[in-house]
Amino acid sequence: MTTPRRKASLSVTITSAMVEVRKIGAAVRELCRNTGFDAVAIYHCELAVVEAANNIIKHAYRGEPGHRIEFTGTVLDDRIILSLADSGRPADPRMMIPSPPKTEGDGADDLPQGKLGLFLIHSIMDEVRISSDGGENRLTMVRKFSSCN
Amino acid sequence: MIATTEKVDGVLIVVLNEDRLDAAVTPLMDLLIEQWLREGHRYVVMDFSAVDFMDSTGLGCLVMFLKKLGDGGKLALCGVSVKIMSLFKLTRMDRIFQIHGSREEAVAHLGVPSQAVER
């Protein structure tokens, strides 16, 4: 078995402000140019990373500005690996299990207004891993090219 | 300005000018929605033609609008790109929102009562 070859990689560091997340989104789009993904698949990759970065700002940093978020993306022969690192409050692994949004209730009152981010990340990505070590949290998301065909 | 509006035959037409409906703009969007509700608009078409990216906070903003309109109002969307449509489908919100191909079609499907047209 051969080790997948690295074709491209990109890193961007931002501070914890929602408007800054757009820089990470632009980096994901740039990186995805090396994947052969179509426009929808590129959007999905950007969406998953943006959702994860939004969650870091909202939950790990509790909305406080000025904290570091580092994005690293790597394109291999058969997959794209998208990773975010922060030094905020670690995520509870139990919270990483998403449930599908309820859209079949008695009316609009039952519809979810938030907490769709994790569901989207897991729906889009083939692998989602979370780790915390030495005060750094890392979320790693993998999308295989074969799942976009 | 993130959106421009006009009233046509009792329907508030909202044309979104931002290419991204994300967490950076949804606080402003929430304020606009509150303003439209205060002004008494109950039949609304939102034109997404300019929107190239939307995340779950943008979607949550629309859900909030739908909830606040309640049974006395209607919201329809048009100009939704294939990318944004995929978000509605992933979250199953395509079953909830009225999404139409054109502004005219969206207005027609709202079925505005005549008393609302006269306002």
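This report describes the interface, salt bridges, nonpolar cores and selected residues of a predicted model with chains A and B.

## The interface between chain A and chain B

The size of an interface is often given as the accessible area lost when the parts come together. Chain A and chain B bury about 2,500 Å² between them, and carbon and sulfur atoms account for 63% of that area. Chain A brings 29 residues to the contact and chain B brings 28 residues.

Polar interactions also cross this boundary. There are 6 residue pairs in polar contact between chain A and chain B, with both residues at pLDDT 80 or more. On the chain A side, helix 1 (21-32), helix 2 (39-60) and helix 3 (117-124) each supply at least two of the residues that touch chain B. Helix 2 of chain A gives the largest share of that side, with 10 residues. By residue class, the side of chain A that touches chain B divides into 16 nonpolar, 6 polar and 7 charged residues.

The interface of chain A and chain B contains 2 salt bridges. One salt bridge pairs A:Arg22 with B:Asp22, whose closest N and O atoms are 2.8 Å apart.

## Salt bridges

Side chains of opposite charge can pair when their charged atoms come close. Over all chains, the structure holds 17 salt bridges. The table lists four of them, each with the N to O distance.

| Basic residue | Acidic residue | N to O distance |
|---|---|---|
| A:Arg22 | B:Asp22 | 2.8 Å |
| A:Lys23 | A:Glu20 | 2.8 Å |
| A:Arg79 | A:Asp78 | 3.2 Å |
| B:Arg103 | B:Glu6 | 3.8 Å |

The salt bridge of A:Lys23 and A:Glu20 joins residues in two accessibility classes. A:Lys23 is partly exposed, at a relative accessible area of 44%, whereas A:Glu20 is buried, at 16%. In the salt bridge of A:Arg79 and A:Asp78, A:Arg79 is partly exposed at 21% relative accessibility, and A:Asp78 is partly exposed at 30%.

Within chain B, B:Arg103 forms a salt bridge with B:Glu6. This pair links distant parts of the chain, 97 residues apart: B:Arg103 belongs to helix 4 (residues 103-110) of chain B, and B:Glu6 to strand 1 (residues 3-8) of chain B. B:Arg103 has a relative accessible area of 29% and is therefore partly exposed; B:Glu6, at 40% relative accessibility, is also partly exposed.

Salt bridges that share partners join A:Arg22, A:Arg29, A:Glu46, B:Arg20 and B:Asp22 into one network.

## Nonpolar cores

In soluble globular proteins, nonpolar side chains tend to be buried together. The largest nonpolar core of this model has 75 residues, of which B:Met46, B:Phe48, B:Met54, B:Phe88 and B:Phe97 touch the most other members. Helix 2 of chain A provides the largest share of this core, 13 residues.

The surroundings of B:Met46 can be given in detail. Leaving aside neighbours within four places in sequence, B:Met46 is in contact with B:Val14, B:Leu16, B:Met29, B:Trp36, B:Leu62, B:Phe65, B:Leu75, B:Ala76, B:Leu77 and B:Cys78. Apart from the largest core lies another core, of 9 residues, including B:Ile13, B:Tyr43, B:Ala106 and B:Leu110.

## Selected residues

A:Thr74 lies in strand 2 (residues 68-76) of chain A. A:Thr74 counts as buried because its relative accessibility is 15%, under the limit of 20%. Not counting residues up to four places away in sequence, A:Thr74 touches A:Arg6, A:Ala8, A:Ser9, A:Leu31, A:Arg79, A:Ile80 and A:Ile81. One of these contacts, A:Arg79, also forms the salt bridge with A:Asp78.

Two residues have a backbone feature to note. A:Arg62 is not a glycine, yet has a positive phi of about 50 degrees. A:Arg62 is placed in the loop between helix 2 and strand 2 of chain A, and is exposed, with a relative accessible area of 57%. In chain B, B:Asp9 likewise has a positive phi of about 50 degrees without being a glycine. B:Asp9 sits in the loop between strand 1 and strand 2 (11-16) of chain B. At 53% relative accessibility, B:Asp9 is exposed.

Terms used. Residues are numbered from 1 along each chain as its sequence is written. Chains are lettered from A and ligands numbered from 1 in the order in which they are written. This is a predicted model: local features need pLDDT of at least 70, side-chain atom pairs count only at pLDDT 80 or more; totals for chains, interfaces and linings use all residues. Side-chain values use heavy atoms; hydrogens and water are left out. Contact means heavy atoms within 4.5 Å. Buried area is the accessible area (1.4 Å probe) that two parts lose on being put together, summed over both. A salt bridge is a side-chain nitrogen of Lys or Arg within 4 Å of a carboxyl oxygen of Asp or Glu. A polar contact is a pair of N or O atoms within 3.5 Å; within protein, one must be able to donate a hydrogen and the other to accept it, and residues adjacent in sequence count only if both atoms are side-chain atoms. Helices (H or I, at least four residues) and strands (E, at least two) are DSSP runs, numbered from the N terminus. Ala, Val, Leu, Ile, Met, Phe, Trp, Tyr, Cys and Pro count as nonpolar, Asp, Glu, Lys and Arg as charged, and the others, Gly among them, as polar. Buried means under 20% relative accessible area, exposed over 50%, partly exposed in between (1.4 Å probe, protein chains only). A nonpolar core is a set of buried Ala, Val, Leu, Ile, Met, Phe, Trp, Tyr and Cys residues joined through side-chain atoms within 4.5 Å.
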